[in-house]
Amino acid sequence: MNEYQNFQSMDNNETYETDSTHLSRLDRLRKTMQHMNLDALIITRTDEHLSEYLSPDKERLAYISGFTGSAGTAVILENEHLIDRLKNKTVKNAGNTDITLKNPAAIFVDGRYTIQARVQTSETLFDVFHFTNVRLEDWLIATLGNTARIGIDPKCISYNRYSAIKYALSPYQLELIFTETNLIDEIWTDKPQVQPSPALIFEDHYNGNPSIEKRHLIAQKLKEKNIDVTIISSSESVNWLLNIRGRDVPNLPIVNCFAAVYSCEEIEWFVDLRKIPEDKISDFQHHFGNITYMEENKLEDLINRLAKHKYSVYIDETSTNAWIIEKLKKSNIPLTFGQDLCEYPKACKNPTELKGMRNCHHKDAVAMCRFLAWLDHLTENLINGELKPQAEELVKSHNEATLSDQLFKFRSEQDGFIETSFDTISALGPNAAIIHYNHVNLNRPRALGKDPLYLVDSGGQYNEGTTDITRTVLVGPGLTEEMKERFTLVLKGMIALHLVKFPKGTFGGALDVLARAPLWQNGLNYDHGTGHGVGHCLNVHEGPQAISYRYGQTPLAPGMVTSVEPGYYKENEYGIRCENLCVVETVHDTQNQTEMLAFLPITYVPFDIRLIKKDLLTDDERIWLNNYHLKIREIVREHLSDMEINWLLKATAAI
């Protein structure tokens, strides 16, 4: 276990990376900041590709703070006593209420991580804020006042976000200073050493669209815009474009790289050349055609060449780091901003990709059903209160880690399985209220036998596609009517999106309310999006589509794969989430002779009918659920043992 992965356990309240460890790191960092005449430092949780998934040597935010979530930003003041000296030790939140400042450092996260950040970070070192409640910019203004120097690594922040911060701070003479290196790297003396892994060809029988055709598509878009070249920073986009994959980061089978694509269809690939074995060059050339291989650190040379030839550049300011765009601007290169040209076609899966997605979801369904059958067999007597002492010892020897390991075993037995698509969220009882909980961060994961509910959110990367599924199931005594009611409300929201038909051009954000409505009617809600796009043997969190009132501004289109995952979380008690992946497909309304769109599930795993309050379901919802469960029988039954089939028949019984 890497040192930056440890944090305070909610289960036993022990701290494994002590406050003194992080205080020592902060002291060393502040000395570096002082040497550079910086009053504050912004630390983002990303890399030069602005990736969600990072290699261990890029987990800088976790190293300095202890927070291991996939999204967040920290700000650290050079003067650790500055807060104590302020006359007004408050900052205004979104509701114009004064929030007390306690520490000379703060972390800003979204709703998935507010609980986790409070648990993982020291309350004597960091304040924790929801980024929509207290803005990073307002915190800096409140603490620094006027005229200060704020350091930031320009390679680890999007140009769009950098510009927004700069604009907000400029009236106060608070200046953003680009650091030449990342200052965390300056103090991280025992940083993990990551060896380059080889790039891999992603065969056309998996991807369904040869790289040369994709290259032609991007070049054609540039010609239509009368632009010479686009620079692509997103590794996922470059991997999609070239039909390659790799093993550079956990859970995401990609090669980290950049690319420049020209309107004449030439490509320059900026990649660590150690990842391209010399004996494979001809195979790569045959696979994606002639391209120019460049070392990944030669982007500045590219910019100089573009300036010399007076080329115009198309670039995405949300997926490109500030260093690249500032270099382009200073070179007086004409820029056109817009969405990454690979993003939309990558999201709209072709028939081969969709077939692969369905196939891998059927395999995943078998693994999940085998796991749930095993788990139900293990806990059946515990739930019924009939557990004998010897059996009780066996049950309670299992915990969140062993359950996750067992699920991984079943999944890894499936043909074409590569790795998990994210760290499994294996959460018992109160830990499930931490939306992106990770048992790996605990020295002592919570044991089975204490709680009625278990939430497991997991997925796999397969040669044919990517999966992501969440189920909440009964594993012990103590189930309450409140738990059943809230599980049913969550399930109703999920079914609502499976039943709805919507016209072409509908934004995901417009549908978000349907999933929340059953909870809203009971004064409840959840603080995360309802759905995200999913890649094809790529990122399990893919844009541009989303079902979210915050981000869902891209029209849903046929071929897009999206999650549907409403939830409910009661802090310190339990969490509930139900998640399927669905394909957006065209459906025909025979009555009105119109074409509409709908979400068709590709995830086929039972929902725990023991948790449902049947009287809360409408007839349409009950019919949908019963038909869904019958479909599961058709898909997985032939792949299960007799014991597992018996479980399946009970789990999918009509209600």
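The second largest cavity of this predicted model has a volume of about 40 Å³. The largest cavity has a volume of about 100 Å³, and the count comes to 3 cavities of 30 Å³ or more. An open pocket of about 860 Å³, the second largest pocket, and an open sheet of 3 strands are also covered below.

**Second largest cavity**
- Its lining consists of T230, I231, I232, S233, S234, I315, D316, S319, T320, D340 and L341.
- Strand 10 (residues 229-232) gives the most to this lining, with 3 residues.
- By residue class, the lining of the second largest cavity has 4 nonpolar, 5 polar and 2 charged residues.

**Largest cavity**
- The residues around the largest cavity are L41, I42, I43, T44, I152, D153, C156, T179, N182, L183 and I184.
- Strand 1 (40-44) and helix 7 each supply at least two residues of this lining, and the largest share, 4 residues, comes from strand 1.
- The lining of the largest cavity divides into 7 nonpolar, 3 polar and 1 charged.

**Second largest pocket**
- The second largest pocket holds about 860 Å³ of space; 37 residues line it, and the closest to its centre are E48, H49, D57, K58 and E296.
- Domain 1 (19-178) and domain 2 (200-343) both contribute to the lining, so the second largest pocket lies between them.
- Helix 7 (183-187), helix 12 (299-308) and helix 13 (322-330) each supply at least two residues of the lining.
- Helix 13 provides the largest share of the lining of this pocket, 3 residues.
- Charged residues number 19 in the lining of the second largest pocket, beside 10 polar and 8 nonpolar.

**Three-stranded sheet and helix 15**
- The open sheet has the strand order 18-19-22, with antiparallel pairing.
- Strand 18 (425-428) and strand 22 (469-474) stand at the edges with a single partner strand each, so one side of each has no neighbour in the sheet.
- From one strand to the next, the twist averages 10°.
- Strand 19 (residues 453-458) and strand 22 run antiparallel and are joined by 6 bridges.
- V456 has R471 in strand 22 as its bridge partner.
- Helix 15 (residues 351-384) lies across strand 19 and strand 22, and runs at about 15° to strand 22.

Technical notes. Residues are numbered from 1 along each chain as its sequence is written. This is a predicted model: local features need pLDDT of at least 70, side-chain atom pairs count only at pLDDT 80 or more; totals for chains, interfaces and linings use all residues. Side-chain values use heavy atoms; hydrogens and water are left out. On a 1 Å grid over the protein atoms alone, a cavity is a set of points where a 1.4 Å probe fits but cannot get out, and a pocket is an open set with protein on both sides within 12 Å along at least five of seven lines; lining residues have an atom within 4 Å of a point. Grid points are joined across faces, edges and corners, and a volume is the space filled by probe spheres set on the points. Ala, Val, Leu, Ile, Met, Phe, Trp, Tyr, Cys and Pro count as nonpolar, Asp, Glu, Lys and Arg as charged, and the others, Gly among them, as polar. Domain bounds come from an automatic or database domain assignment. Two strands pair if DSSP finds at least two bridges between them. Axes are lines fitted to C-alpha atoms, for helices over the stretch in contact, and angles run from 0 to 180 degrees between N-to-C directions. Contact means heavy atoms within 4.5 Å.
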